[in-house]
Amino acid sequence: MNLPYSDLVSTKKLEFSILVTVLIIIFKIIFPVSSNIPTLILNEILILLVLYFSVLYTSDFTNQKKNNPISLVINAGILGAVLFFVTALSSSMFDAVPELSSKMNLLYSIVSLFLMFIFIAAITYIFSVFKELYYLKLKKENQKSFSAMMVFFTLTYITAMIPDTEESPNFVGLTFFVVSIVLISINSFRVTWIAFLSKKKKISLLIISVILGILFGLNFSLTYDNSFLNQMILSFSPGLHRLFQLIMLYGAIYSGIIFFTSLFHLPTAEAFDQKVEEASSLMDLSRLMTQVFDFKELADTITTLTTKVGNSDSAWLVTISDDGKLKLNSVSNIGYVEANEITEVLYEEGILNPDELITFNRKKIKVKIRNDIRTYDFKALAITPLKVHNTNNGFLFAARNHNFGFEPDEKKSIEAFADYAAVALENAKLIEESIEKERLKSELNVAREIQYKILPSQTPCSSELEVSALFIPAFEVGGDYYDFFELDDNKLGFVIADVSGKGISAAFIMAEVKGVFESLSKLVHSPGELLTKANRILSNSLEKKSFVTAVYGIINKQNGHLIFARAGHMPVYHCSDKTAMPMLPGGIGLGLDASESFDVNIKEREVYLRENDVIVLFTDGITEAMNTKMEEFGSERLEKILTADDFTGTEELKQNIIDKISSFAQGNSQHDDITLVLFKWKSNNKPSGVS
């Protein structure tokens with residue numbers, strides 16, 4: 001398996017550290033005491049290499065926690081406590097029983113090596129923490145002071161090999177040691193990251209810094225006693241002893257700087273937290289604008305964030321509906337009843353300002369809110385209009401129940417947040433409307449497919465009779481209907497109907513009409529009687545404002561005998577010898593009258609078709625089609641097409657009618673359904689007794 005590059009580098013650092021550690025162990029077994037200069041130099045070089053690679057390795061861990069400086073400080077404190085515990089325990093044990101080192105030389109060597117590597121691991125990690133904190137939130141790329149400190153740390157480590165006695169003091173090593181302390185003090189002031197902590201974290205840091213300062217101070221003081229462990233460190237590596245002193249001193253100084261810096265930042269911490277909260281809330285709202293499409297969920301989030309942005313105790317959101325009424329959408333830390341009551345009183349008194357933010361104290365309100373239903377009592381209130389493109393869509397309320405008004409910067413924050421909120425709510429509303437439109441469009445498309453399945457998929461076909469039909473809805477679905485029924489004795493039943501109204505409601509009625517005619521056509525063989533029975537059925541199911549016009553008839557496909565009845569529908573044209581005669585037998589619309597007057601008014605009409613005669617049935621969408629001048633197509637233009645001699649069959653005639661209507665109504669949208677049914681008798685057989 002191939003490791004990522006960063007993991008591979010980290011693994012190499014660890015491998016080098018382990019390798020050098022093994023070399024030190026071997027070296028210490030061979031030379032338990034570095035009695036001469038060459039072995040001492042080699043000893044210090046090996047330990048310095050371990051320190052170097054350990055710092056490189058631990059820096060990877062501290063870098064992962066750079067966004068949580070409190071955690072880094074706590075980790076450093078824990079390691080400082082571990083060092084203090086190990087130092088105190090080891091010193092007491094070896095000082096109490098000094099003969100252990102002479103009687104159990106091998107065990108002593110193993111324990112001493114183990115303790116020294118604990119010290120190396122601890123101080124390298126602590127140093128990596130200080131390094132990470134130094135660069136944290138540093139605005140400028142300034143590495144000089146820290147790099148200089150590392151150089152003098154190294155020089156102090158190296159010069160620690162020089163013997164330091166009363167006769168010949170180690171002035172060089174002492175100089176480097178003092179300069180290192182000066183650089184530690186300078187670098188300890190790099191605590192910019194404290195300013196970015198919350199008030200709660202700054203208080204925690206105060207307590208932690210006191211504990212750390214004590215721990216690091218105690219560890220530093222232990223390096224100057226004559227304890228057995230202290231001597232053990234010196235014998236293991238004088239440089240390590242010096243470095244341990246510097247790291248502990250660094251920790252003590254740094255803890256002191258942290259304490260005073262955190263203390264000085266406390267008075268402004270609350271204001272900083274408020275600004276961070278405002279920025280975070282704006283970011284959250286910006287994210288929600290692209291992710292949350294549910295209006296209610298977004299409104300709830302806005303009211304919750306308003307309490308943070310405005311440093312308020314409660315908030316609620318009111319939108320203005322299309323009819324101008326106020327609608328309470330969401331509340332936070334206040335009841336719906338209380339928020340609604342406060343809003344209504346403010347609205348009735350004309351206090352709400354649709355143009356700009358207003359704030360006032362509770363005492364300045366001259367109206368009295370009914371105490372019998374209100375349990376919330378605010379002391380200060382800020383009201384911001386939710387404006388988009390200079391149109392006010394509602395109000396955002398932020399209330400406080402303590403006696404402190406809203407400061408100017410808080411007002412600006414609330415206003416800025418309200419602008420974001422208004423855009424977010426408008427987007428959510430538009431998206432919600434768009435989704436609803438898409439849903440309705442999808443449902444209408446499904447309804448349209450169902451409607452087309454209700455209509456005949458093909459027209460009847462015979463050698464004597466040619467049939468064509470066309471249906472064009474004005475909307476996704478329509479209320480026009482036509483159908484054919486194969487009856488006994490070579491008879492073909494047909495119906496054309498027009499439901500009052502348009503759209504999906506008319507389509508539902510049309511589906512019901514289909515069921516009625518399909519059922520009755522198999523039982524009733526008289527067109528007039530069938531329409532009478534259909535009227536009785538539909539009168540009980542249709543609303544009073546709805547009705548259906550229809551023509552139902554039967555054609556004998558053997559002799560061309562046509563009989564039909566009309567229920568308030570458009571005329572049926574009989575085209576013969578270049579004439580178009582409208583036939584209008586009596587009858588009123590289905591569903592208009594359930595009394596016997598419908599039965600009395602319904603009349604049947606019979607026609608014997610001759611060769612090339614054409615029967616035309618249509619709905620009012622043809623004759624009432626309008627052009628841009630709002631002129632209707634009319635029956636005269638239709639009759640002119642029907643009497644023309646430029647068609648040979650029903651398909652061609654159907655196309656001519658539609659082309660003429662489309663040309664006439666070009667530039668104006670179709671406002672009604674168009675249905676057309678054509679029959680052409682092709683046989684030259686004459687029925688007996690007919691001239």
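**Strands, a helix and a surface patch in a predicted model**

In this predicted model, Val467 stands opposite Phe679 in β15.

Me: How many bridges join β6 to strand β15?
Reply: Strands of a sheet pair through backbone hydrogen bonds, either parallel or antiparallel. Strand β6 and strand β15, which covers residues 674-681, run antiparallel, and Val467 stands opposite Phe679 in β15. The number of bridges that join β6 to β15 is eight.

Me: Which strands stand at the edges of the open sheet of five strands?
Reply: The order of the open sheet is β6-β15-β14-β11-β12, with antiparallel pairing. A strand at the edge has a single partner strand, so one side of it is left without a neighbour in the sheet. The strands at the edges are β6 (465-472) and β12 (579-583).

Me: How far apart are the end C-alpha atoms of helix α11?
Reply: Helix α11 holds 15 residues (residues 295-309), and at 1.5 Å a residue these should span 21 Å. The value from the model agrees with that span, as the end C-alpha atoms of α11 are apart by 20 Å.

Me: Is Phe171 buried or exposed?
Reply: Phe171 is found in helix α7, which covers residues 171-187, and Phe171 helps to make a nonpolar surface patch of about 460 Å² together with Leu174, Val178, Val182 and Ile186. A residue counts as exposed over 50% relative accessible area. Because the relative accessible area of Phe171 is 56%, Phe171 is exposed.

Terms used: Residues numbered from 1 in each chain as written. Predicted model: local features only at pLDDT ≥ 70, side-chain atom pairs only at ≥ 80, totals over all residues. Heavy atoms only, no water. Patch = residues over 30% accessible without salt bridge, like charges linked within 9 Å, V, L, I, M, F, W, Y side chains within 5 Å. Areas by Shrake-Rupley, 256 points an atom, 1.4 Å probe, with all protein chains shown as cover. Salt bridge = Lys/Arg side-chain N within 4 Å of Asp/Glu carboxyl O. Helix = DSSP H or I, 4+ residues; strand = E, 2+ residues; numbered from the N terminus. Buried < 20%, exposed > 50% of the residue type's maximum accessible area, 1.4 Å probe, protein only. Expected span 1.5 Å × (residues − 1). Pairing = 2+ DSSP bridges.
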